[in-house]
Amino acid sequence: MSAHDEAFTAFVAARRPHLVRLAYALCGDWHRADDLVQTSLLKLYASWRRVESGSEEAYVRTILVRAHIDQTRRPWWKRERSGDLPERPGPADQVEERSELFAALQALPEMQRKVVVLRHWLQLSVAETARELRISEGTVKSHSSRGLAALRTSLEWGDASRT
């Protein structure tokens with residue numbers, strides 16, 4: 001195995017779980033998230049020798065977001081979307097809280113969801129988020145503000161319904 005292949009294998013082993021969680025946050029479906037990550041890693045491997053050392057994470061994240069955008073633009077997307085699939089198991093005390101958060105996140109309009117995930121989960125700056133999504137910084141700020149307000153409302157409403 002070449003040094004480049006070993007470096008790629010090490011990167012995938014270290015970052016794949018994080019990439020799957022990111023993809024799930026974008027699309028809301030574990031199976032589609034796995035597919036998006038697989039597609040992204042294939043594209044990353046094809047470009048691996050050209051990717052600058054230290055920028056691999058940003059490079060694959062950009063591929064992942066763009067692959068999701070491409071996938072949702074395809075005409076079959078609306079016809080063949082799968083129904084609700086069970087979540088992967090997690091720590092018992094966090095599953096309910098996590099599923100409520102992901103449900104609220106999935107209820108956001110697509111661009112708000114992408115901005116919230118990139119800005120607040122991955123902690124990218126406004127400029128980095130704008131560059132990744134190819135939108136203006138002002139648009140990032142407005143989508144972030146609206147998305148966070150909608151999440152707060154949704155999660156507060158969920159808390160009130162339990163009491």
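Here, a residue is called buried when its relative accessible area is under 20%. Keep that cut-off in hand for the close-ups below, which come from a predicted model.

**View 1. F8 meets Y45.** By the ring-pairing rule, the count comes to 6 aromatic pairs. One of them joins F8 and Y45 edge-to-face, with 5.0 Å from centre to centre and 65° between the planes. This pair ties together distant parts of the chain: F8 sits in helix 1 (residues 3-27) and Y45 in helix 2, 37 residues apart. F8 has a relative accessibility of 11%, so it counts as buried. Y45 has a relative accessible area of 43%, which makes it partly exposed.

**View 2. F11 meets W48.** Here the ring centres of F11 and W48 lie 5.7 Å apart with the planes at 45°, so this pair is called tilted. It also links distant parts of the chain, with F11 in helix 1 and W48 in the loop between helix 2 and helix 3 (56-73), 37 residues apart. F11 is buried, at a relative accessible area of 12%, and W48 counts as buried too, at 9% relative accessibility. Put the two views together and you get one aromatic cluster made of F8, F11, Y45 and W48.

**View 3. Helix 1, kink and all.** Follow helix 1 along and you'll meet a kink of about 50° at R15, shortly before the proline P17. How far apart are the end C-alpha atoms of helix 1? They are 34 Å apart, which agrees with the 36 Å that its 25 residues should span at 1.5 Å a residue. Plenty to look for inside: the buried residues of helix 1 include V12, H18, L19, V20, L22 and A23. Just after the helix, G28 takes a positive phi of about 80°.

**View 4. Helix 2 from its cap onward.** At the N-terminal end, D29 caps helix 2, with a side-chain oxygen 2.8 Å from the backbone nitrogen of H31. The 18 residues of helix 2 (residues 30-47) should span 26 Å at 1.5 Å a residue, and the end C-alpha atoms are indeed 26 Å apart. Among the buried residues of helix 2 are W30, A33, V37, L41 and L44. A handy thing to remember while picking them out: an α-helix has 3.6 residues a turn, so residues three or four places apart point the same way.

**View 5. Inside the largest nonpolar core.** Which residues touch the most other members of this core? Of its 40 residues, they are V37, L41, L44, L64 and L105. The elements giving two or more residues to the core are helix 1, helix 2, helix 3, helix 5 (92-107), helix 6 (110-121), helix 7 (126-133) and helix 8 (137-162). Helix 1 gives the most, with 11 residues. Zoom in on V37: leaving aside neighbours within four places in sequence, V37 is in contact with R16, L19, V20, A23 and L64. As a general backdrop, nonpolar side chains in soluble globular proteins tend to be buried together.

**View 6. S144 and its neighbours.** For the last stop, find S144 in helix 8. Is S144 buried or exposed? Its relative accessibility is 8%, so S144 counts as buried. Not counting residues up to four places away in sequence, S144 touches V115, V116 and H120.

How values were computed:
Residues numbered from 1 in each chain as written. Predicted model: local features only at pLDDT ≥ 70, side-chain atom pairs only at ≥ 80, totals over all residues. Heavy atoms only, no water. Helix = DSSP H or I, 4+ residues; strand = E, 2+ residues; numbered from the N terminus. Expected span 1.5 Å × (residues − 1). Buried < 20%, exposed > 50% of the residue type's maximum accessible area, 1.4 Å probe, protein only. Polar contact = N/O pair within 3.5 Å; in protein donor to acceptor, adjacent residues only side chain to side chain. Phe/Tyr/Trp six-rings, centres within 6.5 Å; stacked < 30°, edge-to-face > 60°. Core = buried A, V, L, I, M, F, W, Y, C linked by side-chain atoms within 4.5 Å. Contact = heavy atoms within 4.5 Å. Bend = angle between axes of the 7 residues up to and from the residue.
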